Amino acid sequence: MMKVALIGLGSVGRGVAGMIQKKDLGITITGIADSKSGAMDPAGLDIASLLANKGRNGSCGDREISASDVIKKADYDALIEVTPTNALSGEPAIGYIKSALLRKKHVVTSNKGPVALAYKELRALAEKNGVALRYEATVAGAIPIMHTLEHGLLGNEILALYGVLNGTCNYILTRMAAEGLTYEQALMEAREMGYAEADPTYDVMGIDAAIKLVILANSVWGDSKQLSDVDRTGIDLLTPDALRLAADLGCTIRLIAEAIPRKHILRVSPRILEKNHPLVVDGTLNALTLETDMAKEITLIGRGAGSIETASAIIGDLLYINDRYVHRA
Ligand SMILES: NC(=O)c1ccc[n+]([C@@H]2O[C@H](COP(=O)([O-])OP(=O)(O)OC[C@H]3O[C@@H](n4cnc5c(N)ncnc54)[C@H](OP(=O)(O)O)[C@@H]3O)[C@@H](O)[C@H]2O)c1
């Protein structure tokens, strides 16, 4: 049985805990923590009762036990780090991840901050300690982009990648084109549907998509790119007229993240695409086209967010680690 410690019990953390409980995955949770409390049991925790506690009083465990205590003291093979993304400092997640790697524990995270800001350092630390650092869920939610790049396209040279990586922007653009809504009206609708945050700056200015592009570029080409290396334009200034003009040409507009190393392009910007272009997906969907030397173009489409959808990516990473490392030890 693979033992895991779960740090963060929000939408993603609860999705992961729920799927571990529901499915027979050979995984047991031996440590858990939210922002205020924690719990540990090397024999496996009673997750149902901890989640019920959290529902009742807002904390899952003992208020004397912190997330750091769980990471440093619990008995586990892999840490699941699913705390909020801080794109400026990456903390406290970077500290949590380092602390687990130093204990020679594998790490799986859905948190973009640490991977975008400290990838080289964390990867080197994982390698030094002989453990894995996996982050499938950081880019395009349920779409297995990292697995595809790492395994499915082995031997291929990745020449370029293009993606619709932000569901909120895609929803806004879809609704502006379909109903002739203004940007503000579509944003309000996205908020009402729960697709946009109260402060949508990260999404609509293209920052979220740019962070994901940095993660992809660094993973695929071993670069040390940063957010400031991305040439970025958001969707906040797009008018219904621009979408109407695109429609007159049989086209529409999507926020496209693109990385083309041979042309030194690392860019997020609204682009006019033919309506039947593979990257023209509707609503909150994400899509990614990979251009490779042997396989040529491959497009993956799927859900970019959601509790269970994101849990799918995390559980894929955990089972990969179990198969590759834990099971064989
Ligand atoms: N939601 C998605 O669909 C999705 C998809 C892909 C990636 N992600 C990423 O996955 C991560 C989690 O997302 P989410 O939607 O689950 O977030 P969330 O609902 O805001 O939950 C965050 C959880 O982290 C806990 N937390 C906050 N600060 C902490 C700290 N200092 N130490 C320990 N725990 C702390 C919170 O504790 P309390 O419960 O005590 O407040 C909460 O349980 C984020 O980095 C997000 O960007 C999310």
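How many residues of domain 1 are in contact with residues of domain 2? Select both domains to start: 14 residues of domain 1 are in contact with 16 residues of domain 2, where contact means that C-beta atoms, placed from the backbone, lie within 7 Å.

This is a predicted model, in which local features need pLDDT of at least 70, side-chain atom pairs count only at pLDDT 80 or more, and totals for chains, interfaces and linings use all residues. Residues are numbered from 1 along each chain as its sequence is written.

**The two domains**

Colour residues 2–142 + 308–326 as domain 1 and residues 147–303 as domain 2; such bounds come from an automatic or database domain assignment. The C-alpha centres of domain 1 and domain 2 lie 28 Å apart. On the side of domain 1 that touches domain 2, the elements giving two or more residues are helix 5 (112–128) and helix 12. Helix 5 gives the most to that side, with five residues. Helices (H or I, at least four residues) and strands (E, at least two) are DSSP runs, numbered from the N terminus.

**The sheet**

Next, select strands 1 to 6, which form an open sheet of mixed pairing in the order 3-2-1-4-5-6. Two strands pair if DSSP finds at least two bridges between them. Strand 3 (38–40) and strand 6 (133–134) are at the edges with a single partner strand each, so one side of each has no neighbour in the sheet. Now pick strand 1 (residues 2–7) and strand 4 (residues 78–81): they run parallel and are joined by four bridges. One residue to label is Ile7, whose bridge partner in strand 4 is Glu81.

Add helix 12 (residues 307–326), which packs on the sheet and touches strand 1, strand 2 (27–33), strand 4, strand 5 (106–109) and strand 6. The direction of helix 12 makes about 165 degrees with that of strand 5; axes are lines fitted to C-alpha atoms, for helices over the stretch in contact, and angles run from 0 to 180 degrees between N-to-C directions.

**The core**

Stay on Ile7. Leaving out residues up to four places away in sequence, Ile7 touches ten residues, among them Ala33, Ala67, Val70, Ile80 and Tyr96. Ile7, Ile80 and Leu213 have the most contacts inside the largest nonpolar core, which has 101 residues. A nonpolar core is a set of buried Ala, Val, Leu, Ile, Met, Phe, Trp, Tyr and Cys residues joined through C-beta atoms within 7 Å. A residue is buried if 20 or more other C-beta atoms lie within 10 Å of its own, exposed if 12 or fewer, and partly exposed in between. Helix 10 (residues 207–221) gives the most to this core, with nine residues.

**Helix 7**

Move to helix 7 (residues 167–179). Eleven of the 13 residues of helix 7 are buried, so it is largely enclosed by the rest of the structure. Those covering its buried residues include strand 7 (158–164), helix 8 (183–192) and helix 11 (240–248). Just after helix 7, Gly180 takes a positive phi of about 65 degrees.

**Backbone stops**

- Glu91 and Pro92 are joined by a cis peptide bond, with omega about 0 degrees; Pro92 is in the loop between strand 4 and helix 4 (93–102).
- Lys104, in the loop between helix 4 and strand 5, has a positive phi near 65 degrees. Lys104 is exposed, with 12 other C-beta atoms within 10 Å.
- Ala140, in the loop between strand 6 and helix 6 (145–152), has a positive phi of about 60 degrees. Ala140 counts as buried, with 29 C-beta neighbours inside 10 Å.

Key
Two residues are in contact if their C-beta atoms, placed from the backbone, lie within 7 Å. The expected span of a helix is 1.5 Å times one less than its number of residues.
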